[in-house]
Amino acid sequence: MLRVFVGLGIPLIAIVAMLPVVNEVTFTVFNIPFLYLWMFSWFILSSVCLGICWLCFDRHRAEY
Amino acid sequence: MATTIVFAFLIAASLVLAVMAKKGHHSTDVRDFFVASRQFGGFLLFFLSVGEIYSIGTIIGFPGSIYAKGGSYGIWYLGYNLLAFPVAYFLNPLIWRAGKLYDAVTIADLFKGHFRDKRGGRVLELTVTISAIVFLVPWGQVQFGGLIIALGGLGWHINPAVLIIFAAALAFLYIVISGIRAPAFVAILKDVLMVVAVVITGGAALSQAHLSNIFHSASAVSNHLTAPDLRFSMSTIAFQAIGYFMLPFNTQNLFTAKSEQTIRRTLMFMPLYMMIFPFLVVVAYYQLGLHAHLNAPTGAFMAVATHLLPPWVLGVVVAGASLSGLLVLAGLSLAIGPLVSRNLFGHVPEQKQRTAAQAVIVLFLGASIVMTLVAPNMLTTLISTAFFGMTQFLPGVLSIMFFRRANPLAIAAGIIVGDVISVSFYVLKVPTFDLNIGAVALTVNVAILIGGSLLAGHRQVTPVALRGAVMPAPGE
């Protein structure tokens, strides 16, 4: 269950559920809207979530 | 002139690659042609997958839609592309397992295999096959629409219809040369060129104006999602992310993988490839900030490239963009071929199957071309239209994995009703409280599937996820 939460739950919350919250943030870097900054950072963070899933749960599965 | 020479050279190089892809694999087996005998490791799988995921709809359509609809419109496009990978990390190994179990080449083979002993299995197989082919037409339309714009960068001043037919012929050539191995090898060149094209064009925009100025001068456009925008974006992100690998060519590419572990390893890195998107956002905002009027808003990316780049570099950009469209067209044809020969006409002699497959591919390309010319639409809208139909397969696929009592006729009825609701709501513009139309249809689909299965419930099939992983055959 923890595996699914880390790999799917966290990205789902960040990308979909948090959208109304992220939408209200007015912080910008180089005038780039926060909505875009948020999405861009999750390109990397989603990969990190899946990486954690792989290293902690899936790496030792038999190679089918 | 320099633009055309560089472009022609790169396209020729892609054809050489396609020929090389065939070397050492002279098998005439249909499974090799379509799923490369399930031999692809992570490297080729990565390129084949991202090669067809990031089509011309991304490079041309995405900046075009931001330009046309305003800043925040791009958010749902980023979101669904991104969320698709975490979904796939958990779902795709199971789809692959079912594919292996039923020796599947197409998504319809999964249903055919799972319900082969049940009444209604054939009905379900046909339902999936036909609606898959129909909802691929808008996807083909995206490629042709994008190709017209990309090839426009060559400045040839010829009729778009001629460009389109030229493109269709090229796409057909790749697959005639060597089946799915050609797109996989050409995908490497295409991905390199596409990244180069995007980075160069984004870089050119950045060299003209400082990053903060680009986003400042475009600040007239709204960067804030309204409440209806939010409902649309959130529902669309979720709906299209779960439908991602229901697209027949994505499923088929998935079947080329060597193992479930290969799939997980590959998917882990896929989100990183999205780092090309910030460059596309920069390009779109740069064009917005110019406040110049574009006749075709979809052309924002090429407008920036044509405006800022020297001719030979433009040739590289046009080649990169075009290859991304051509490759996907080849992939679409490769997805349709076996849908026709295995699922639509599986019972007729092989020679006739082949003729039928080729006829349907030509018909498909023709339909896409006609739709492109007579009913042009925003590329990103067309992408969403394809998902209306494709995501309706998901409840059925999940049933194969997990639902013991699933009834094939109930699954088929769910898909048909889902398709009909999506299309009629879209055409008649029925208000859905700004939620994605396909998502609304999907809830009805699921209700029919579960209700119908429980009512019908007789013989049961052990779900794939409960059978354990498939062991490799000896010698594999």
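Two residues are in contact if their C-beta atoms, placed from the backbone, lie within 7 Å. By that criterion, 86% of the contacts in chain B with a separation of 6 or more are between residues 24 or more positions apart. The structure is a predicted model.

**The two chains**

Chain B contains 21 helices and zero strands. Chain A also lacks strands: three helices and zero strands are assigned, and its order along the sequence reads α-α-α. The radius of gyration of chain A is 15 Å, well over the 11 Å that the globule rule gives for 64 residues, so chain A is more spread out than a compact globule. Along the principal axes, the C-alpha atoms of chain A fill a box of roughly 50 × 20 × 15 Å.

The table sets out length, burial and helix content by chain.

| Chain | Residues and buried share | Helices and strands |
|---|---|---|
| Chain A | 64 residues, 31% buried | three helices, zero strands |
| Chain B | 476 residues, 59% buried | 21 helices, zero strands |

**Contact between chain A and chain B**

The interface brings 32 residues of chain A into contact with 41 residues of chain B. On the chain A side, the elements that give two or more residues are α1 (2-17), α2 (19-24) and α3 (34-58). Of these, α3(A) gives the most, with 15 residues. By residue class, the side of chain A that touches chain B divides into 23 nonpolar, six polar and three charged residues.

**A helix pair within chain B**

Two packed helices are described by the angle between their axes and the distance between the axes. In chain B, helix α4 (residues 56-69) and helix α14 (residues 277-290) have axes that come within 9 Å and cross at roughly 40°. Angles under 35 degrees would count as roughly parallel and 65 to 115 as roughly perpendicular; the crossing angle therefore makes α4(B) oblique to α14(B). The handedness of this crossing of α4(B) and α14(B) is right-handed.

Which residues make the contact? From α4(B) they are B:Ile59, B:Phe62, B:Pro63, B:Ile66 and B:Tyr67. From α14(B) they are B:Leu280, B:Val281, B:Val283, B:Ala284, B:Gln287 and B:Leu288. The residues of this contact of α4(B) with α14(B) comprise 10 nonpolar, one polar and no charged.

Notes. Residues are numbered from 1 along each chain as its sequence is written. Chains are lettered from A and ligands numbered from 1 in the order in which they are written. This is a predicted model: local features need pLDDT of at least 70, side-chain atom pairs count only at pLDDT 80 or more; totals for chains, interfaces and linings use all residues. Axes are lines fitted to C-alpha atoms, for helices over the stretch in contact, and angles run from 0 to 180 degrees between N-to-C directions. Helices (H or I, at least four residues) and strands (E, at least two) are DSSP runs, numbered from the N terminus. Angles under 35 degrees count as roughly parallel, over 145 as roughly antiparallel, 65 to 115 as roughly perpendicular and the rest as oblique. A crossing is left-handed if the near helix is turned anticlockwise from the far one by less than a right angle, and right-handed if clockwise. Ala, Val, Leu, Ile, Met, Phe, Trp, Tyr, Cys and Pro count as nonpolar, Asp, Glu, Lys and Arg as charged, and the others, Gly among them, as polar. A residue is buried if 20 or more other C-beta atoms lie within 10 Å of its own, exposed if 12 or fewer, and partly exposed in between; C-beta atoms are placed from the backbone. The radius of gyration is taken over C-alpha atoms; the globule rule is 2.2 Å times the number of residues to the power 0.38.
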